[in-house]
Amino acid sequence: MRTLFFCNTNYQLLVAMQIAASFDDKKCSVIITTEIKNCEELFWRVRETDLFEEVSTMDVKNQGKTLGILKKCIWGFSPDQLKNSIFDEFVGFNMDIASHMVFAYFYNKNKNIIINKMEEGLMSLNTPETSCGVLDLTYKIRKGLGKKNLKDSIRGFYCFLPQANKTELISIKIPVINQKSKIKEYLNEVFCGDTVFAYKEKYIFLSCIYDIEGGGAIGELELAIKIAERVGKNNLLVKVHPRDDKEKYIKAGLKVDQNSLIPFEVIQINNDFSDKILITTLSASILNFNPVLENTPKCYYGYKLCHLENNSVAQHYQKILEMYLQDEKLGIRNVKILESIEEL
């Protein structure tokens, strides 16, 4: 089976790499989009691994005017490197406009192409579907032309913990990644390069994107500042989300992890954080490898100390998080909800 992965984030690329390394019946290719800040650098590193037959990049931020975008969604578009390829399976997570373009292109070549989703962290297994005017119109036109639509064709869900999948999609289990995984060398080659890890700080704060996405700002920066004032600025390191602005943390006098572009999951399998304390508002990075790590650090979710009332996306993931923490079958350890700064 020839599989094409569509990756908008570092974590999606991590998942695609593990699937490519673990499933012997697949010959895999991957599209790395410009949603990832160091897209071009990753392109060359991924090519060196030989995990994928073909590696391509795609500019998803400059797609042209609305009419041109609509035409590409209906009739298809592919990066030049893949135009002559045919695939049996298309795998992505966001199922956004660019995904629809690529799906339409390869559907034209193979009407029986299988569509599966892959996880974007543990909490993504229960992410609501979204749409927009362009996609709504695309679906109507393609349906009228007798063509299948992307979201209507999804069969299964690649995930590390099938027991967390509450969707109607069939779970396809991915072998877990931990500090003893064979994939570790590939992940380090792609994401770490020559990075030297040195985490001296006792407290690590993982920022999210809810100050800039999902609705009104929830006050993540303010929470990080309060934590630093409580535990000492020299004792706190901020791991900035790839889509967040690290400069605002630096201007606030906080120490920022220079490895912030590396997925925290990859950082975890390279370091022993058992004596650290991890804090976040709602980042899934704390949860994703928690059930499989030999030694887990103390972890705190601090969303109760923020303002979620004007951010619907943050409110959604708060509910998902609380559901997971109550589910003993998931094996989540040492994770608590922070009720006050004093608990630290």
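**Exercise 1. Is Ile279 buried or exposed, and which residues does Ile279 touch?**

Solution.
Step 1. Ile279 has a relative accessible area of 0% and is therefore buried. This value, like the others below, is computed from a predicted model.
Step 2. Ile279 sits in strand 11, which covers residues 277-280.
Step 3. Neighbours within four places in sequence are set aside; the contacts of Ile279 are then Tyr203, Ile204, Phe205, Leu206, Ile227, Ile286, Tyr300 and Leu344.
Step 4. Sequence separation and distance in space can be set side by side for one pair: Ile279 and Glu294 are 15 residues apart in sequence, and their C-alpha atoms are 19 Å apart.

**Exercise 2. Place Leu344 in the chain and list what Leu344 touches.**

Solution.
Step 1. Leu344 belongs to the segment after strand 13.
Step 2. The relative accessible area of Leu344 is 18%. Buried means under 20%, so Leu344 is buried.
Step 3. Residues up to four places away in sequence are not counted; Leu344 then touches Tyr203, Ile227, Val231, Ile279, Tyr300 and Leu338. The contact with Ile279 also appears in the list for Ile279.
Step 4. Between the C-alpha atoms of Leu344 and Gln81 there are 51 Å, and the two residues are 263 residues apart along the chain.

**Exercise 3. Which residues of the largest nonpolar core touch the most other members?**

Solution.
Step 1. The largest nonpolar core has 93 residues, and those touching the most other members are Phe5, Leu13, Phe52 and Phe191.
Step 2. The element that gives the most to this core is helix 1 (residues 10-22), with eight residues.
Step 3. Phe5 can be followed further. Apart from neighbours within four places in sequence, its contacts are Ala16, Ile19, Cys28, Ser29, Val30, Ile31, Phe52, Val91 and Met118.
Step 4. There is also a second, separate core of 27 residues, whose members include Phe6, Val60, Phe106 and Tyr139.
Step 5. As background, nonpolar side chains tend to be buried together in soluble globular proteins.

**Exercise 4. Describe the nonpolar surface patch that contains Trp75.**

Solution.
Step 1. The patch consists of Trp75, Leu137, Ile141 and Leu145, and together these have about 370 Å² of accessible area.
Step 2. Trp75 is in helix 3 (residues 66-75).
Step 3. With a relative accessible area of 49%, Trp75 is partly exposed.

**Exercise 5. How many disulfides does a search of the whole structure find, and why does Cys192 or Cys208 not form one?**

Solution.
Step 1. The search finds zero disulfides.
Step 2. A disulfide is a covalent bond between the sulfur atoms of two cysteines.
Step 3. For Cys192, the closest cysteine sulfur is in Cys7, at 17 Å, which is too far for a bond. Cys192 is buried, at 5% relative accessible area.
Step 4. For Cys208, the closest cysteine sulfur is in Cys306, at 8.8 Å, again too far for a bond. Cys208 is buried, at 4% relative accessible area.

**Exercise 6. Where do Met95 and Asn334 lie, and are they buried or partly exposed?**

Solution.
Step 1. Met95 is not a glycine, yet has a positive phi of about 50°. Its place is the loop between strand 4 (89-92) and helix 4 (97-109).
Step 2. Met95 counts as buried, at 1% relative accessibility.
Step 3. Asn334 is not a glycine either, and has a positive phi of about 60°. Its loop runs between helix 11 (312-325) and strand 13 (335-337).
Step 4. At 43% relative accessibility, Asn334 is partly exposed.

**Exercise 7. How many salt bridges are found, and which parts of the chain does the pair Glu53 and Arg2 link?**

Solution.
Step 1. The whole structure holds ten salt bridges.
Step 2. One of them joins Glu53 and Arg2, with the closest N and O atoms 3.0 Å apart. This pair links distant parts of the chain, 51 residues apart: Glu53 is in the loop between helix 2 (39-49) and strand 3 (54-58), and Arg2 is in strand 1 (residues 2-7).
Step 3. Arg2 and Glu53 also belong to a network of salt bridges with Glu54.
Step 4. Glu41 and Arg45 form another salt bridge, at 2.7 Å between the closest N and O atoms. These two are four residues apart in helix 2 and so are separated by about one helical turn.
Step 5. Lys248 and Asp244 meet in a salt bridge of 2.9 Å, N to O, and both residues are buried.

Conventions
Residues are numbered from 1 along each chain as its sequence is written. This is a predicted model: local features need pLDDT of at least 70, side-chain atom pairs count only at pLDDT 80 or more; totals for chains, interfaces and linings use all residues. Side-chain values use heavy atoms; hydrogens and water are left out. A nonpolar core is a set of buried Ala, Val, Leu, Ile, Met, Phe, Trp, Tyr and Cys residues joined through side-chain atoms within 4.5 Å. Buried means under 20% relative accessible area, exposed over 50%, partly exposed in between (1.4 Å probe, protein chains only). Contact means heavy atoms within 4.5 Å. Patches are made of residues with over 30% relative accessible area and no salt bridge: like charges are joined within 9 Å, nonpolar side chains (Val, Leu, Ile, Met, Phe, Trp, Tyr) within 5 Å. Accessible areas come from the Shrake-Rupley method with a 1.4 Å probe; for residues, only the protein chains shown count as cover. A salt bridge is a side-chain nitrogen of Lys or Arg within 4 Å of a carboxyl oxygen of Asp or Glu. A disulfide is a pair of cysteine sulfur atoms within 2.5 Å.
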